[in-house]
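Biologist: I'm new to this one, and I'd like to learn how to read it. Could you walk me through it?

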Amino acid sequence: MTSLSGARIVVTGGAGFIGSHLVDELVNRRRAKRVTIVDSLVNGRRANLAQWGSDPRVRLVQADIRSDAGRRPLEDADVVFHLACLGVRHSLHDPVENHEVNATATLALVERARLAGVRRFVHVSSSEVFGTAQRVPMDEHHPTTPETVYGASKLAGEAYVRAAYRTHGFGTIVVRPFNTYGPRSHFEGDSGEVLPRTIIRNLCGLPALVYGDGEQTRDFMHVGDTARGLATIAECDQAVGRTINFGSGREISIRVLAETVARLVGRPDLAPVHLEPRPGDVRRLLVDGRLVRRLTGFTTAMPFEAGVADLVRWFRGGLATPQQMLARIDDRNWMPSPV
Ligand SMILES: NC(=O)c1ccc[n+]([C@@H]2O[C@H](COP(=O)([O-])OP(=O)(O)OC[C@H]3O[C@@H](n4cnc5c(N)ncnc54)[C@H](O)[C@@H]3O)[C@@H](O)[C@H]2O)c1
């Protein structure tokens with residue numbers, strides 16, 4: 001085991017949803033010496049890091065990972081967690097930029113980290129590299145046939161990271177989270193995810209919007225588990241050189257998700273409204289979590305219903321009113337925004 005305690009860590013995308021929880025985990029529980037966040041703030045928020053105030057252990061470098069300023073902080077790191085990326089719906093309206101950030105910039109980052117002598121490079125990929133499940137549960141040998149440029153660009157990124165291990169013995173780990181949810185998750189614009197959007201609609205007294213028949217499934221993990229799992233995997237020497245699927249092992253359909261939210265919000269009467277299917281929407285995802293369990297002993301702590309209740313509380317506790325948040329939701333958020 002390689003402890004993160006006392007380490008100098010860089011988290012790209014650390015002002016984002018998962019990245020900011022990872023920063024909390026690294027400083028609070030793993031006792032990192034210093035965490036430098038590299039984030040352009042295109043989708044991340046300073047507010048996600050507000051709990052750190054002027055704490056010298058946490059530093060934000062606002063920079064693009066496509067630029068030298070965004071890569072320079074790696075010169076001074078023991079461990080890098082690479083999360084910065086543009087999302088799946090962004091890839092539907094701007095595929096070339098999606099590839100530049102998710103694939104090309106990943107290659108440049110892993111090369112910079114290797115040459116700088118970074119000890120460990122944890123690349124956060126995505127289950128979207130698989131496309132829809134051809135068999136379930138999905139282990140690491142499941143075919144990778146992405147359905148979107150996002151999935152394809154994440155697959156290219158992880159291939160570059162694996163190549164750095166295979167060619168040079170660089171200490172890389174590729175982790176493929178399935179779906180993560182929890183406080184600070186996105187509801188707005190093309191980052192908006194189904195669970196926050198559904199909660200906000202129900203809090204406004206509106207029904208869930210379901211694209212297609214609602215029988216498409218996802219494997220949801222609470223972000224507290226995701227952050228703890230990423231740190232645990234990073235500390236595991238046996239994980240180096242590997243590609244690891246990372247999910248909860250519980251398959252939830254969008255129909256069940258909508259019913260769960262409506263019940264927890266106290267509006268079980270709100271029946272979902274069905275719209276046309278979203279392009280590139282994968283049909284089924286469910287992890288086979290045996291590898292991560294065998295390597296690290298990691299298991300999830302938060303059951304789905306309790307996690308959704310936690311998220312409902314968070315949205316109720318409010319940065320903004322549900323109506324203010326609703327105004328920032330695009331119903332068809334994979335289309336280019338109107339200018
Ligand atoms: N949320 C999920 O369910 C999920 C599932 C699987 C994998 N992942 C992976 O986890 C990682 C984090 O996802 P998230 O949900 O927290 O998304 P997020 O959008 O909240 O975080 C990504 C961060 O990267 C930053 N960023 C984007 N482009 C950048 C650039 N060019 N330079 C610097 N910073 C840039 C954004 O500002 C944002 O803060 C991503 O790599 C994603 O592929 C997420």
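Modeller: Let's go through the domains, the ligand shell, some helix pairs and two backbone oddities.

Modeller: Two ground rules come before that. This is a predicted model, where local features need pLDDT of at least 70 and side-chain atom pairs count only at pLDDT 80 or more, while totals for chains, interfaces and linings use all residues. Residues are numbered from 1 along each chain as its sequence is written.

Biologist: How is the chain divided into domains?

Modeller: Domain bounds come from an automatic or database domain assignment. Here domain 1 covers 8–180 + 222–246, and domain 2 covers 185–219 + 250–281 + 303–326. Their C-alpha centres lie 26 Å apart.

Biologist: And how many residues of each domain are in contact?

Modeller: Two residues are in contact if their C-beta atoms, placed from the backbone, lie within 7 Å. By that rule, 11 residues of domain 1 meet nine residues of domain 2. Helix H3 (residues 88–93) gives the most to the domain 1 side, with three residues. Helices (H or I, at least four residues) and strands (E, at least two) are DSSP runs, numbered from the N terminus.

Biologist: What classes of residue make up that side of domain 1?

Modeller: Ala, Val, Leu, Ile, Met, Phe, Trp, Tyr, Cys and Pro count as nonpolar, Asp, Glu, Lys and Arg as charged, and the others, Gly among them, as polar. The domain 1 side has three nonpolar, six polar and two charged residues.

Biologist: Which residues surround the ligand?

Modeller: A residue is near a molecule if its C-beta atom, placed from the backbone, lies within 6 Å of it. There are 32 residues around the ligand, and the closest are Gly-13, Gly-16, Phe-17, Ile-18 and Gly-44. Helix H1 (17–29), strand S2 (34–39) and strand S7 (179–181) are the elements that give two or more residues to this shell. H1 has the largest share, three residues. By class, the shell has 14 nonpolar, 14 polar and four charged residues.

Biologist: At what angle do H1 and helix H7 cross?

Modeller: Axes are lines fitted to C-alpha atoms, for helices over the stretch in contact, and angles run from 0 to 180 degrees between N-to-C directions. The axes of H1 and H7 (residues 223–234) come within 9 Å and cross at roughly 60°. So H1 is oblique to H7; angles under 35 degrees count as roughly parallel, over 145 as roughly antiparallel, 65 to 115 as roughly perpendicular and the rest as oblique.

Biologist: Which pair shows another arrangement?

Modeller: Try helix H4 (residues 95–116) and helix H5 (residues 149–168), which pack at about 15° with axes 8 Å apart. That makes H4 roughly parallel to H5. Their contact has 10 nonpolar, seven polar and two charged residues.

Biologist: How do H6 and H10 cross?

Modeller: The axes of helix H6 (residues 194–203) and helix H10 (residues 304–316) come within 10 Å, at roughly 55°. H6 is therefore oblique to H10. Leu-195, Pro-196, Ile-199, Ile-200 and Leu-203 of H6 meet Val-308, Leu-311, Val-312 and Phe-315 of H10. The residues of this contact are nine nonpolar, no polar and no charged.

Biologist: What about the backbone oddities?

Modeller: Most residues other than glycine have a negative phi, and most peptide bonds are trans. Leu-41 has a positive phi of about 65° although it is not a glycine, and Leu-41 sits in the loop between S2 and strand S3 (58–62). The peptide bond from Val-136 to Pro-137 is cis, with omega near -10°. Look for Pro-137 in the loop between strand S5 (120–124) and H5.
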